[in-house]
Amino acid sequence: MLLIKNGHVVDPFHGTDAVRDLYVSDGKVLPAHLAGAPADEVIDAAGMIVAPGLVDMHVHFRDPGQTHKEDLLSGALAAAAGGVTTAVCMPNTDPVIDTPEAVARLLERAEGLPIHVLPYAAVSAGQKGTEPTDWAALIKAGAAALSDDGMPVMDAALMRRALKAAAAGGFVISSHCEDLSLAQNFAVNEGAVSRELGIPGRPAIAEEIMVMRDLMLAEETGAHIHIAHVSTARSVALIEEAKRRGVRVTAETCPHYFALTEKEILAHGAAARVNPPLRTEKDVAAIVAGLQSGAIDAIATDHAPHAADEKALPLTEAPSGISGLETSLAVALTYLYHTGRLDLMAVIDLMSTAPAAILGLDKGRIGPGDEADIVIFDPDEEWTVSPARFFSRGKSTPFAGARLKGRVKYTICRGKLVYKD
């Protein structure tokens with residue numbers, strides 16, 4: 001039996017916000033009437049927050065096919081170090097996760113990992129945006145949801161068919177909203193920085209026009225659409241207005257979109273290159289306001305590791321993506337909690353309870369009888385980001401050298417300690 005004593009328990013699902021002890025046995029949180037027995041292991045969490053393990057609903061573990069960037073084990077270890085106990089992997093691997101057999105293989109390989117790892121499955125065969133996959137069979141095989149993330153579904157007719165199937169089958173489609181004819185493969189936001197660098201930019205409208213399209217399709221079909229990595233002020237406004245109309249939409253953003261602007265490109269080069277790109281101060285303010293208002297439901301990392309030699313290429317040639325699992329909670333605490341923009345309950349809800357609910361997962365809660373997936377963190381400890389110490393194989397992040405406030409001390413998954421600072 002494990003005893004976590006003296007910790008401040010913050011659990012949005014159960015509404016718990018109090019100092020109390022938690023007893024864990026056989027992978028479960030014990031009911032109060034069974035607690036109090038002698039513990040084999042004790043964690044004194046005085047001065048720390050005890051919360052449901054984070055549920056990161058948008059990661060790229062690059063496995064199979066690109067394991068020089070990341071594999072399931074290195075990704076799981078990075079997740080545990082960041083307080084994440086459930087990670088949901090996008091299907092843009094090699095080969096693409098686009099068959100029930102591929103879903104089953106990944107789930108089988110994930111069984112021995114220190115955290116829960118679940119797959120998305122692709123909307124289209126090979127993520128090529130032309131031929132549909134067998135959506136019902138993919139969900140039956142264990143896919144948490146469907147997405148072509150990494151590539152938008154440009155064919156509106158195909159997306160409409162998929163959303164009709166999602167409405168009938170009760171599953172979620174996560175949409176990477178960018179119009180490729182506008183976004184192309186441009187490295188940065190279209191604006192002051194692209195002009196200063198003398199390179200073409202990725203305009204905000206490339207995201208917003210696809211957000212509008214998919215909101216309209218979701219409204220027509222009655223499906224649950226989830227908008228991934230929201231980055232612009234107009235996207236937030238469109239989602240907020242759609243929610244008022246009763247559209248079944250949820251949305252996520254990432255720590256870099258509420259913490260950083262396009263100016264980071266000038267300081268960090270390709271280390272700050274992501275898709276969609278870092279935007280303007282106005283967009284950052286709108287993302288924060290969307291998190292406060294409920295327009296944005298979840299925070300996910302879009303953890304997208306790359307090899308060092310790939311990110312060392314010139315800005316216009318380097319791949320987009322950063323490693324975010326090991327900094328996400330600290331960035332949220334630093335930029336949202338310690339600035340007074342959100343309280344701890346809201347931060348934990350955005351990073352654990354809400355994403356679990358969006359995907360229909362029995363996670364994001366640590367009441368009696370719940371699975372003991374727990375993060376324990378010191379909300380006030382300051383530390384400097386050192387990518388060389390990342391468990392992830394991808395070491396590229398625009399937060400390198402940043403001083404953050406809030407540090408994961410322990411991560412427990414299935415009742416077992418999987419990370420200790």
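**A walk through the loops, helix pairs and pockets**

Proline 276 lies in the loop between helix H10 (264–268) and H11, where helices (H or I, at least four residues) and strands (E, at least two) are DSSP runs numbered from the N terminus. The model is a predicted one, in which local features need pLDDT of at least 70 and side-chain atom pairs count only at pLDDT 80 or more, while totals for chains, interfaces and linings use all residues. Residues are numbered from 1 along each chain as its sequence is written, and side-chain values use heavy atoms, with hydrogens and water left out.

The peptide bond that leads from asparagine 275 into proline 276 is cis, with omega near -10°. The loop between H10 and H11 also holds glycine 269, which, leaving aside its neighbours within four places in sequence, is in contact (heavy atoms within 4.5 Å) with Glu264 and Leu315. The C-alpha atom of glycine 269 is separated by 38 Å from that of glycine 47, and the two residues are 222 residues apart along the chain.

A cis peptide bond also joins aspartate 94 to proline 95, here with omega near 5°, and proline 95 has its place in the loop between strand E7 (84–89) and helix H2 (100–110). In the loop between strand E6 (54–59) and helix H1 (72–81) lies arginine 62, a residue other than glycine whose phi is nonetheless positive, near 60°.

Arg62 and Asn275 return in the largest pocket, since they are among the residues that lie nearest its centre, together with Asn92, Gly150 and Ser320, out of a lining of 33 residues. Pockets are found on a 1 Å grid over the protein atoms alone: a pocket is an open set of points with protein on both sides within 12 Å along at least five of seven lines, whereas a cavity is a set where a 1.4 Å probe fits but cannot get out, and lining residues have an atom within 4 Å of a point. The largest pocket has a volume of about 580 Å³, a volume being the space filled by probe spheres set on grid points that are joined across faces, edges and corners. Its lining divides into nine nonpolar, 15 polar and nine charged residues, with Ala, Val, Leu, Ile, Met, Phe, Trp, Tyr, Cys and Pro counted as nonpolar, Asp, Glu, Lys and Arg as charged, and the others, Gly among them, as polar.

The second largest pocket has a volume of about 320 Å³. Of the 19 residues that line the second largest pocket, Ala81, Glu326, Trp383, Arg407 and Tyr419 are the closest to its centre. Helix H13 (328–337), strand E16 (374–384) and strand E17 (403–413) each contribute at least two residues to this lining, which by class has nine nonpolar, six polar and four charged residues.

Helix H13 also takes part in a helix pair, as the axes of H13 and helix H14 (residues 344–358) come within 11 Å and cross at roughly 140°; axes are lines fitted to C-alpha atoms, for helices over the stretch in contact, and angles run from 0 to 180 degrees between N-to-C directions. The crossing of H13 and H14 is right-handed, a term used if the near helix is turned clockwise from the far one by less than a right angle, with left-handed for an anticlockwise turn. Ser328, Leu329, Ala332, Leu333 and Tyr337 of H13 make the contact with Leu344, Val347 and Met351 of H14, and by class this contact has seven nonpolar, one polar and no charged residues.

The axes of helix H8 (residues 233–245) and H11 (residues 281–293) come within 8 Å and cross at roughly 25°. H8 and H11 are therefore roughly parallel to each other, given that angles under 35 degrees count as roughly parallel, over 145 as roughly antiparallel, 65 to 115 as roughly perpendicular and the rest as oblique. Ala233, Val236 and Glu240 of H8 make the contact with Lys282, Asp283, Ala286, Ile287, Gly290 and Ser293 of H11.
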